Amino acid sequence: MPLALLKDLVKLPSITPQECGIYTMIKEKFSQIQTPLLESLVIEQENNGVKNLFYLFYPKGADIGALPHLCFAGHIDVVPTGENWQYEPFSAKEVDGYIYGRGTQDMKSGVSAFVSAICQSLESQSLENCMLSILLTSDEEGDGIYGTKIMLETLQKRHLLPHCCIVAEPTSTHHTGDTIKIGRRGSINGTLIIEGKQGHVAYPQKCLNPIELLGSKLGLLAGVNLDNGNSYFEPSKLVITDIRGGMEVVNVTPQNLKIMFNVRNSPLSNEDSIRNYIEGVLDTLPYTLTLKTSSLPFITESNTELVKSLNAVIETKVGKKAELSTSGGTSDARFFSAFGVKVVELGVPNDRIHAINERVKIDDILILHDIFIDFLAIFKKSARKFV
Ligand SMILES: [Zn+2]
């Protein structure tokens with residue numbers, strides 16, 4: 001069933017923020033679940049063309065909000081295709097054990113796997129002392145302003161925030177289950193301007209050359225580690241992305257020098273510590289520094305029930321525990337964490353995400369589906385432990 005659903009989803013060209021009727025398809029699938037004593041609640045939101053869907057299952061008559069609650073989350077939007085695909089990118093063509101198409105890895109495989117797993121799990125056994133939900137958005141690849149974050153605000157107001165969440169982003173490297181993301185680094189952007197005084201190159205004494213001012217200091221900025229990291233995070237490195245000054249001539253020294261940089265930061269560094277470090281390096285040089293945090297780092301500790309149980313299932317299914325990682329860019333998992341939800345990410349390999357000829361190995365999606373089925377069984381049996 002996850003394969004058929006994946007193919008149906010890939011055939012709908014849901015480039016951000018379009019949803020293309022995917023929610024109707026999923027709601028219909030869920031409404032066909034024939035299980036006594038099971039009730040559901042649906043919340044849909046639309047803001048600025050972004051559509052979000054929250055679908056909750058709970059035991060009949062239960063006090064909604066009082067039970068342990070597991071959510072599967074993801075996005076149904078995809079990035080544009082680009083050209084020169086081997087197979088039409090919205091045809092979901094199956095070739096040699098792979099399904100090709102935009103979104104096959106990022107992340108319609110993940111969505112198909114958890115939707116199918118939930119259907120199968122609920123059909124074989126209803127919920128007793130816990131709740132299950134999915135949260136989908138059509139704006140993860142875009143600005144993300146009206147997506148998961150807005151939906152979580154709504155859930156918070158209605159006392160429906162989950163206790164833990166699995167975001168089925170493509171996290172794996174070689175095969176499904178080799179990597180779980182248990183956190184992410186934050187991201188801080190910086191602009192540093194060294195102020196000088198422009199002048200004729202033949203009269204350097206009359207100029208204040210910002211390139212010379214920076215000269216001996218550059219090695220203390222470019223590529224330095226701002227902390228030592230810890231068992232979960234790599235050190236936070238200051239990575240310069242752009243450096244420029246002058247007018248592309250050889251006879252005028254520049255007025256100023258602009259450096260742009262980014263720090264993918266562990267929780268050990270933040271705007272204040274970066275500012276202090278740069279102040280220490282540049283000391284009395286004339287400069288202005290602007291820092292902007294675009295996302296905060298977060299971690300779900302390796303000893304939480306969510307991480308332990310999921311990794312135990314992975315070990316049974318693929319023969320080896322997953323590596324617990326915090327690498328990569330940002331994802332919607334950060335929003336769950338900001339709302340106090342324990343969150344991890346697990347999905348198929350990500351070697352072709354956003355690329356031409358994106359494809360997923362059929363085995364990888366089937367294993368993901370099986371991992372979710374087994375994990376659901378554990379959650380249903382011992383849901384209290386996950387709170
Ligand atoms: Zn994604």
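In strand β14, the residue bridged to L192 is I259. That pair belongs to a predicted model, so here's a quick tour of what the model shows, from that strand pair out to the zinc site and the rest of the fold. The protein has 9 helices and 19 strands, and its C-alpha atoms fill a box of roughly 85 × 45 × 45 Å along the principal axes. Of its 387 residues, 50% count as buried. Among contacts with a separation of 6 or more, 78% come from residues 24 or more positions apart.

**Strand β10 and its two partners**

- The L192–I259 bridge is part of the pairing between β10 (residues 186-195) and β14 (residues 256-265), which is antiparallel and has 10 bridges.
- β10 also pairs with β15 (residues 287-295), again in the antiparallel sense, and here there are 8 bridges.
- On that side, I188 has T293 of β15 as its bridge partner.

**The zinc site**

- What holds the zinc ion? The ion is coordinated by H75 through NE2, D106 through OD, and E169 through OE twice, at 1.9 to 2.7 Å.
- The site counts as irregular, with angles of 51 to 147 degrees among the 4 donor atoms.
- Along the sequence, the donor residues follow the spacing H-x30-D-x62-E.
- D106 sits in helix α3, while E169 is in the loop between β7 (164-167) and β8 (179-181), so this pair ties together parts that are 63 residues apart in sequence.
- Both D106 and E169 are buried.

**E345, in contact with a zinc ligand**

- E345 is part of strand β18 (residues 342-345).
- Buried or exposed? E345 counts as buried, because its relative accessibility is 1%.
- Its side chain makes a polar contact with the side chain of R184, at 2.8 Å.
- Beyond its sequence neighbours within four places, E345 is in contact with E169, and also with V167, T171, T179, I180, K181, R184, F298, S331 and A333.

**The small sheet and the helices on it**

- Which strands make up the open sheet of 3? The order is β4-β5-β19, with antiparallel pairing.
- β4 (94-95) and β19 (359-361) are the edge strands, each with a single partner, so one side of each has no neighbour in the sheet.
- β5 (residues 98-100) pairs with β19 over 3 bridges, in the antiparallel sense.
- One of the bridge pairs there is I99 with V360 of β19.
- Helix α1 (residues 2-10) packs on this sheet, where it touches β4, β5 and β19, and its direction makes about 15 degrees with that of β5.
- Helix α3 (residues 104-124) lies across β5 and β19 and runs at about 50 degrees to β19.
- D106, the zinc ligand, is in that same helix α3.

**Strand β2 and its neighbours**

- Strand β2 (residues 50-59) has 9 of its 10 residues buried, so the rest of the structure largely encloses it.
- β1 (residues 38-47) pairs with β2 in the antiparallel sense over 10 bridges.
- Within that pairing, L41 has L56 of β2 as its bridge partner.
- The β1 and β2 hairpin has 2 residues between the strands, and N48 takes a positive phi near 50 degrees in it.
- β2 is also joined to β6 (residues 131-137) by 6 bridges, and these two strands run antiparallel.
- Y55 has I134 of β6 as its bridge partner.

**L132, a buried residue in β6**

- L132 lies in strand β6.
- With a relative accessible area of 0%, L132 is buried.
- Which residues does L132 touch? Not counting residues up to four places away in sequence, the list is Y55, L56, F57, L70, I118, L122, L127 and L376.
- L132 and P162 are 30 residues apart in sequence, and their C-alpha atoms are 8.6 Å apart in space.

Methods. Residues are numbered from 1 along each chain as its sequence is written. This is a predicted model: local features need pLDDT of at least 70, side-chain atom pairs count only at pLDDT 80 or more; totals for chains, interfaces and linings use all residues. Side-chain values use heavy atoms; hydrogens and water are left out. Two strands pair if DSSP finds at least two bridges between them. Helices (H or I, at least four residues) and strands (E, at least two) are DSSP runs, numbered from the N terminus. Contact means heavy atoms within 4.5 Å. Axes are lines fitted to C-alpha atoms, for helices over the stretch in contact, and angles run from 0 to 180 degrees between N-to-C directions. Donors are N, O and S atoms within 2.8 Å of the metal (3.2 Å for Na, K and Ca); water is not among the atoms, so sites may look incomplete. Four donors count as tetrahedral if all angles lie between 85 and 135 degrees; four count as square planar and six as octahedral if opposite donors are over 155 degrees apart and all others between 65 and 115; anything else is irregular. Buried means under 20% relative accessible area, exposed over 50%, partly exposed in between (1.4 Å probe, protein chains only). A polar contact is a pair of N or O atoms within 3.5 Å; within protein, one must be able to donate a hydrogen and the other to accept it, and residues adjacent in sequence count only if both atoms are side-chain atoms.
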